[in-house]
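This report concerns the salt bridges of one protein chain and the setting in which they occur. Please consult the sequence and the model shown here while reading.

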Amino acid sequence: MEQNPSTFPMERSCKILRRSIHHFLKNYHYFTTISLLLAFPFSAALLISQFLLPSSPFLFTIHNHLNSLFEAAGFPPSSQLFTILNLKISQTISSSILLLPFTLSFLLISKASVIHFLSDHKNPSFSSFLSIYNSILLTQICNSFLILSANATCFSLFFVAFNCLEASGYSSTASLLFLSAAGAILYSIILANSFVVCNLALVASGMDKSGGFLAILKACVLIRGRTATALALAIPVNMALAAVEALFQYGVVRAFHTASSSTALEGILIAYMYSIIVVIDTIVNCEFFKSCKRRFRTDEEGGYAYRIGIEGRNGKTMEESFLEGRSENRKNSGNRGRSKSKGRGTLTSGRVAKDECAYCREKGHWKKDCPKKRGNDSSKANIVHSDEDDDSNLALLGSSLV
């Protein structure tokens with residue numbers, strides 16, 4: 001079967017990005033006066049922390065503790081992988097701790113304003129989008145545990161892999177380099193998927209007003225089969241954020257010693273740009289959430305609920321319901337209500353009311369008392385009755401549903 005080109009992850013991500021930019025430009029006044037200004041303190045604090053962290057004693061303390069932990073775990077000190085990971089994780093932990101008040105307040109409120117606007121399609125008041133703040137806050141806390149669990153899983157795998165390599169006697173430089181490269185790729189994939197699920201869970205908690213681990217589980221279900229699209233959406237946004245951070249380092253940090261007023265103004269403009277990308281990132285996640293939920297509803301509503309009634313010799317009826325069919329078969333929905341019967345095997349579509357016959361779909365009697373069923377006793381069935389055991393006298397050979 002040929003795959004529709006519109007289902008390619010890159011094309012899907014481009015459509016979502018275009019819709020997100022369209023929403024941002026269409027509601028530019030709201031996003032730049034409320035959501036962006038709420039995200040501005042977080043953006044400014046993040047950029048300033050990138051400037052202050054390299055000389056902070058707090059960073060060196062965390063770096064030394066992680067270095068001791070890696071050595072105690074038996075990781076090779078000569079591996080460049082753990083040297084880079086130690087530095088990056090130390091910076092991430094230090095920055096996260098310093099930015100925690102801004103993250104739990106300004107950033108989440110800004111995201112709540114965007115999510116509430118895109119879900120209700122109207123200009124909400126400050127108190128209205130604060131109503132979903134508690135759900136988003138609870139989900140953010142659960143997301144932190146998910147990220148910690150992902151990191152712990154990666155380092156546990158590293159611990160097993162490097163110790164097995166050392167025990168096998170293949171701890172050469174080439175082997176360590178190969179294992180380090182594979183570990184870096186694995187670590188990137190696990191963290192990327194974790195962050196994608198966390199971002200989608202934040203949107204799900206705001207859209208559906210149900211936070212915590214339930215939102216994370218919902219995000220895992222919705223993202224099934226669309227991970228490539230989510231990663232394709234995350235790459236340009238994260239590249240834009242990294243470009244703004246690099247611009248701040250080049251335009252502000254390097255010119256800090258001149259102490260000119262233009263440097264401060266440039267820093268404010270760069271923080272404003274960073275806030276714009278944060279708002280656009282939230283819009284992209286909302287559009288991706290709607291796309292996933294729309295597809296999920298289509299799959300659920302695009303099928304037929306068939307009910308199979310099988311009557312044995314003892315007069316008892318066994319019924320089984322299952323979902324079959326796709327949305328393109330909905331044109332045959334006019335055939336619902338008609339039963340397909342062959343002898344003792346009865347196939348009916350749709351739901352059966354309490355006072356409705358499962359055989360002829362008429363009200364006033366049940367299937368066992370149906371007069372039409374008694375007239376069709378001579379028809380053939382796809383069910384073989386076994387005489388060997390009275391308790392197991394039914395065997396379904398097969399039934400095909402189109």
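## Lys293 and its partner

Lys293 has a relative accessibility of 21% and therefore counts as partly exposed, since the buried class is reserved for values under 20%. The model in which this residue is described is a predicted one.

Lys293 forms a salt bridge with Asp208, and the closest N and O atoms of the two residues are 2.9 Å apart. This pair links distant parts of the chain: Lys293 belongs to helix α10 and Asp208 to helix α7, with their positions 85 residues apart in sequence.

## A network around Asp208

Which residues are joined into one network by salt bridges that share partners? They are Asp208, Lys218 and Lys293. Within this network, the side chains of Lys218 and Asp208 meet in a salt bridge with an N to O distance of 3.0 Å. Lys218 lies in helix α8 (residues 213–222) and Asp208 in helix α7 (residues 173–208), so this pair ties together parts that are ten residues apart in sequence.

Asp208 is partly exposed, because its relative accessibility is 26%. Lys218, with a relative accessibility of 24%, is likewise assigned to the partly exposed class.

## The bridge between Glu287 and Arg19

The structure holds three salt bridges. One of them pairs Glu287 with Arg19, whose closest N and O atoms are 3.4 Å apart. Glu287 is located in helix α10 (residues 261–301) and Arg19 in helix α1 (residues 9–26), so the pair ties together parts that are 268 residues apart in sequence.

Is Glu287 buried or exposed? Its relative accessibility is 4%, and Glu287 therefore counts as buried. Arg19, in contrast, counts as partly exposed because its relative accessibility is 32%. As a general principle, side chains of opposite charge can pair when their charged atoms come close.

## The chain as a whole

The protein chain contains eleven helices and six strands. Of its 402 residues, 40% are buried. The chain exposes about 23,200 Å², and carbon and sulfur atoms supply 62% of this area.

Among the contacts in the protein chain with a separation of 6 or more, 68% are accounted for by residues 24 or more positions apart. Two of the salt bridges described above can be read alongside this figure: Glu287 and Arg19 connect parts 268 residues apart in sequence, and Lys293 and Asp208 are 85 residues apart.

Definitions and conventions:
Residues numbered from 1 in each chain as written. Predicted model: local features only at pLDDT ≥ 70, side-chain atom pairs only at ≥ 80, totals over all residues. Heavy atoms only, no water. Helix = DSSP H or I, 4+ residues; strand = E, 2+ residues; numbered from the N terminus. Buried < 20%, exposed > 50% of the residue type's maximum accessible area, 1.4 Å probe, protein only. Contact = heavy atoms within 4.5 Å. Areas by Shrake-Rupley, 256 points an atom, 1.4 Å probe, with all protein chains shown as cover. Salt bridge = Lys/Arg side-chain N within 4 Å of Asp/Glu carboxyl O.
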